[in-house]
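Morning, everyone. I have one structure to walk you through today. Please bring it up on your screens.

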Amino acid sequence: LREAFQAHVFGRWPAPATVSVSERRLLAQNAFAGAGRVEQWSVEVEGHGAFSLLVISPAGAADPLPVIVMQNFCGNASAYPEIDGVNGPRQGGPPECGSAWARPLITAIFGDAIITPPTAQILEAGYAVAMFYAGDIAPDSRRASAALDALTPAGAPPSQRTGAVAAWAWLYIRALEALAADARYDEDRIVLWGHSRNGKSALLAAAMDPRPAAVVSLQPGTGGGSLQRDPVGESIAEITTAYPHWFAPRYATYAGRPERLPVDMHQLIALIAPRPVLLAAARRDRWSDPHGAYRAAQGA
């Protein structure tokens, strides 16, 4: 199944790379009304550059701490503008991320948690939060072919070039490795949390690697947590036209004929068993296909 998902949907899983933390900088000792300690790490990924990992730990909790690892859409500074010194995207984020109107409009529609997670609530439950922007290494852009080519293993056919979703999933695992190397964090209790495209990546990361303890995937939709064969929501044709860099080029050949795919997303979810998976989809958001997600969960 892992082979088939690489060949037909996501592209090749990048080769292993050594991870090291070149800097840990304390940004705040008593953030979130004294509930959290904030550090900023620079995580070096051998041969591919570095990304900034913001690590927020609950004050007073006993080590080793469980950790929820999250990716975001616009960089850590956008998610936590109230914390001084938080890095923005190293290569620049998507155009909409720099717009003055974007945040109030997005939060008015989706709520604050679309950009900034409920950090105080998570800290109160005893979890650390580790957040990063995967675009530091694999930008979310049609022009990201150089980064994706660099991540594609040697010898992979062009139709199976590593897609951005696979690259971001692979970076979830690199973040996990950086945290697991720090004795303050429990390598056996690292949870992956993602929304939309990051929800797709979180599912794929846990399907490809046994180390994530659980997955929280919010509205992963087509190419993630919903069945390709479900007639509701975004189609393969629509998603590969809008975001061709997200998947292996071969995936687009199944547009209009999803029944030809040798795998479907219930099998991706099943690869994570017996670890817990939470799939969340808003009932009225037909585009993310909650109907197909429910059927995928049943099938898994």
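Look at the lining of the largest pocket. At least two residues of that lining come from each of β4 (65–71), α3 (76–79), α4 (102–110), β6 (185–195) and α8. Keep in mind that this is a predicted model. The pocket's volume is about 1000 Å³. Its lining counts 38 residues. Nearest the centre are Phe 73, Ile 114, His 195, Ser 196 and Arg 197. By type, the lining has 21 nonpolar residues, 12 polar and five charged.

Now the cavities. How many cavities of 30 Å³ or more does the count give? One. The largest cavity holds about 80 Å³ of space. Gln 71, Asn 72 and Phe 73 are among its lining residues. So are Tyr 133, Ala 134, Gly 135 and Asp 140. Trp 168, Arg 197 and Asn 198 complete the list. That lining splits into four nonpolar, four polar and two charged residues. Notice two names you have heard before. Phe 73 and Arg 197 line the largest cavity, and both also lie among the residues nearest the centre of the largest pocket.

Next, one serine. Find Ser 226, in the loop between β7 (214–218) and α9 (236–242). Is Ser 226 buried or exposed? Buried, because its relative accessible area is 1%, and the cut-off for buried is under 20%. A polar atom of the Ser 226 side chain sits 2.9 Å from the backbone oxygen of Asp 289. What else does Ser 226 touch, leaving aside neighbours within four places in sequence? Its contacts include Gly 221, Asp 264, Met 265 and Ser 288. Gly 292, Ala 293 and Ala 296 are in contact with Ser 226 too.

Hold on to Asp 264, one of those contacts. We move to salt bridges, and there are 14 of them. I'll take three pairs.

Pair one is Arg 229 with Asp 264, at 2.9 Å from N to O. Arg 229 is in the loop between β7 and α9, and Asp 264 is in the loop between α9 and α10 (265–270), so this bridge ties together parts 35 residues apart in sequence. The two partners sit differently. Asp 264 is buried, with 3% relative accessible area. Arg 229 is partly exposed, at 35%.

Pair two is Arg 295 with Asp 230, at 2.7 Å from N to O. Why does this bridge tie together parts 65 residues apart in sequence? Because Arg 295 lies in helix α11 (residues 290–299), while Asp 230 lies in the loop between β7 and α9. Here Asp 230 is buried, at 7% relative accessible area. Arg 295 is partly exposed, at 35%.

Still on salt bridges, there is a network. Bridges that share partners join Arg 24, Arg 37, Glu 39, Asp 182 and Arg 184 into one.

Pair three is Arg 211 with Glu 177, at 3.0 Å from N to O. This pair links distant parts of the chain, 34 residues apart. Arg 211 is in the loop between α8 (197–208) and β7, and Glu 177 is in helix α7 (residues 164–180). Arg 211 is partly exposed, at 37% relative accessibility. Glu 177 is partly exposed as well, with 22%.

One last look at that loop between β7 and α9. Ser 226 is in it. Arg 229 and its bridge to Asp 264 start there. Asp 230, the partner of Arg 295, is there too. That's my tour. Thanks.

How values were computed: Residues are numbered from 1 along each chain as its sequence is written. This is a predicted model: local features need pLDDT of at least 70, side-chain atom pairs count only at pLDDT 80 or more; totals for chains, interfaces and linings use all residues. Side-chain values use heavy atoms; hydrogens and water are left out. Helices (H or I, at least four residues) and strands (E, at least two) are DSSP runs, numbered from the N terminus. Buried means under 20% relative accessible area, exposed over 50%, partly exposed in between (1.4 Å probe, protein chains only). A polar contact is a pair of N or O atoms within 3.5 Å; within protein, one must be able to donate a hydrogen and the other to accept it, and residues adjacent in sequence count only if both atoms are side-chain atoms. Contact means heavy atoms within 4.5 Å. On a 1 Å grid over the protein atoms alone, a cavity is a set of points where a 1.4 Å probe fits but cannot get out, and a pocket is an open set with protein on both sides within 12 Å along at least five of seven lines; lining residues have an atom within 4 Å of a point. Grid points are joined across faces, edges and corners, and a volume is the space filled by probe spheres set on the points. Ala, Val, Leu, Ile, Met, Phe, Trp, Tyr, Cys and Pro count as nonpolar, Asp, Glu, Lys and Arg as charged, and the others, Gly among them, as polar. A salt bridge is a side-chain nitrogen of Lys or Arg within 4 Å of a carboxyl oxygen of Asp or Glu.
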